[in-house]
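I opened the notebook to log what I looked up here. My topics were salt bridges, domains and the ligand site.

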Amino acid sequence: MCGIVGYIGERDATPIILNGLKRLEYRGYDSAGLAVLNEGNIEIRRDAGKLNHLEALVRNTPIHGQIGIGHTRWATHGEPNERNAHPHLGSTGEFVVVHNGIVENYLTLREELSAEGTRFNSDTDTETIVHLVEKFYASGANLEAAVQQTLKQLKGAHGIVVMSSREPDKIVAARVGNAGGVVIGLGEGENFIASDLPAILEHTRRAVFLESHQMAVVTRDEVRVTDMSGWAVEVKPQNIAWDPVAAEKGVYRHFMQKEIHEQVRSLTDTLAGRVDFDEGRVMLHELGLDPQSAREIRKIIITACGTAAHAGMVGKILIERIARIPVEVAIASEFRYADPLVDEHTVVLAISQSGETADTLAAMEEGRSKGAKLWSIVNAIGSQAMRIADGCISMQVGPEIGVASTKAFTAPLLDLYLLALHLGDLRGAIDEDRRFSLVQDLMSVPALVGECLDREQAVAALARKFKNTRHMLYLGRGINMPIAYEGALKLKEISYIHAEAYPAGEMKHGPIALIDRSMPVMALAPNDPWYDKMISQIEQALARGGDVIAIATDGDELIADLTPNILWVPKTPWLLSPVITTIPLQMFAYHIASLLGLDVDQPRNLAKSVTVE
Ligand code: M6R
């Protein structure tokens, strides 16, 4: 999705904005631009394509100024070309805007403005915003009030940042709804604005996050947050602990590869401070649960999208098996319109790495409106899904840059295991011995992930063998069925190879007709309670001439006799096996995409944070 960066201070805004936009490249975009205010004039540079186009443009025709705003655009209205790229100027050249979100009523607004004589220079919905600001300013409002009046005209969710040569000492930023965040980074004699933290972390660790229906008037020395009527809102700056170096690629070819390899650390961090191995206990103080409130829960609905939903499917099995609470998994984009059966004894648990996914936020709101308690498992600190929840388990994985989620998939798997243990303990659903042994099982998980990572060469070899396939089937059962879904999603999103996943037992009801030499089958057959069923599935696929790649547990001679294509994983307690079996699948997808020379970190048509419906 689109990215926003703004700067006001004593330094040259241009390199600060360009650098900030670079840090947001991972969000996906197709054009970029910036505007600076220089000696009373707004100057703009924009270009289609990647940021290096814009950088070249700025090198050839430099612009400088101490206040500016920039944007990376992911086209929604109008082609991804120069004239549709942000920032957008008004008719007088005195107002300029960048925008995340969709102006749902832009056609009506455009018609009205055109009837009043406004000429449009782009096909975007965003341009209506700057013309409205200009119009309200002309009728006597100051910049802040003009932005407020403009936002009242817009339907939809928005993050906007506005600058004007008429009030050259400030930038006005506003957020309405969940079209991505607006964060203000606080400096000394300078301040920063961004849609996401990575854009400003190299300059400051103190930040204020705008809530929906808040705006900020940002000058060099002051940040004033108000509601949409201009009433001051008291905000507490947060201190951010992320290390900007962690957002660098380091020795890896791609962020995705780096992030796959970071999982030993991210999973260690996930357990840190939450597990007392000596006592065999889990501590999730962030949920504020006691035995009474834990017993009052009658149902948990896990809601999420994409990879996060696959984590939720594993979570269902963990919570039902360990805590004995019924769990439903609801795809957020469906749940929000499903008129779900939810009451005050229901917990709606959202999972989201970005914490800004529009469908997931809407699903949370749906749960809230029906009286449910809201929990979330979120990576992006300060994001909406973190803030609106009654309790949030924070993923301890740091920024995830690759669009394909990897470390932000395995962390919630462990978080859900911890949650299941915590609930099971509080509700008395597990006895002390079982609790102790389930907690001990966690101890080896980071090291087992490390063992899988050490086998990358073997995975790369199989990737070379199968890189030219056009279709693949992924099969799993029980707790590894969601991992089949996740493996297939990883392959299709970064390699563009058609991959479908099925619960293996469904094969005989139709999909088995697809199997022939051109349809390799990835079969998840680790040593878990569904192992025998998977063996019979592998045999059926082989009998129909299909190539089978098996994920199998070290030492499994039976599978070794069936197929030469094996991704070996170390022996793992079955409730934790998804964390382990997913690692070779991540590496397999990564190596295929990388061998095909594709843009692994920014696959086509995808964005890191899906803030539109
Ligand atoms: O930010 P979220 O976790 O809410 O995102 C949900 C999905 O959009 C995301 O998992 C998507 O499926 C990824 N591209 C998966 O790699």
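I started with Asp 390, which is partly exposed at 42% relative accessibility. The model is predicted, so I kept in mind that side-chain atom pairs count only at pLDDT 80 or more.

**Entry 1: Asp 390 and its partner.** I looked for the residue that Asp 390 meets in a salt bridge, and found Arg 368, at 3.2 Å from N to O. I then placed both ends. Arg 368 sits in helix H11 (residues 358-369), while Asp 390 sits in the loop between helix H12 (384-387) and strand E21 (391-394). They are 22 residues apart in sequence, so the salt bridge ties those parts together. I checked Arg 368 for exposure as well: its relative accessible area is 37%, which is partly exposed.

**Entry 2: Asp 123 and Arg 83.** I counted next, and the structure holds 31 salt bridges. I picked the one between Asp 123 and Arg 83, where the closest N and O atoms are 2.9 Å apart. This pair links distant parts of the chain, 40 residues apart. Asp 123 is in the loop between helix H3 (106-115) and helix H4 (126-138). Arg 83 is in the loop between strand E4 (67-73) and strand E5 (88-89). Buried or exposed? I found Asp 123 partly exposed at 34% relative accessibility. Arg 83 is also partly exposed, with a relative accessible area of 34%.

**Entry 3: a network.** I looked up Lys 258 and found a salt bridge to Glu 262, with 2.8 Å between the closest N and O atoms. Lys 258 has a relative accessible area of 9%; buried means under 20%, so Lys 258 counts as buried. I followed the links further: Lys 258, Glu 262 and Lys 407 form a network of salt bridges.

**Entry 4: domains.** I read off the domain assignment: domain 1 (3-251), domain 2 (264-443) and domain 3 (450-595). I took the centres of domain 1 and domain 3 over C-alpha atoms and got a separation of 45 Å.

**Entry 5: the ligand.** Which residues come nearest to the ligand? I listed Ser 352, Gln 353, Ser 354, Thr 357 and Glu 493, out of 15 residues around the ligand. I then checked polar atoms. Ser 354 puts a polar side-chain atom 2.7 Å from a ligand oxygen. Val 403 has a polar backbone atom 3.4 Å from a ligand nitrogen. Lys 490 has a side-chain N or O atom 3.1 Å from an oxygen of the ligand. Last, I looked up burial. The ligand taken alone exposes 410 Å², and the protein buries 90% of that.

Notes
Residues are numbered from 1 along each chain as its sequence is written. This is a predicted model: local features need pLDDT of at least 70, side-chain atom pairs count only at pLDDT 80 or more; totals for chains, interfaces and linings use all residues. Side-chain values use heavy atoms; hydrogens and water are left out. Domain bounds come from an automatic or database domain assignment. A salt bridge is a side-chain nitrogen of Lys or Arg within 4 Å of a carboxyl oxygen of Asp or Glu. Helices (H or I, at least four residues) and strands (E, at least two) are DSSP runs, numbered from the N terminus. Buried means under 20% relative accessible area, exposed over 50%, partly exposed in between (1.4 Å probe, protein chains only). A residue is near a molecule or strand if one of its heavy atoms lies within 4 Å of it. A polar contact is a pair of N or O atoms within 3.5 Å; within protein, one must be able to donate a hydrogen and the other to accept it, and residues adjacent in sequence count only if both atoms are side-chain atoms. Accessible areas come from the Shrake-Rupley method with a 1.4 Å probe; for residues, only the protein chains shown count as cover.
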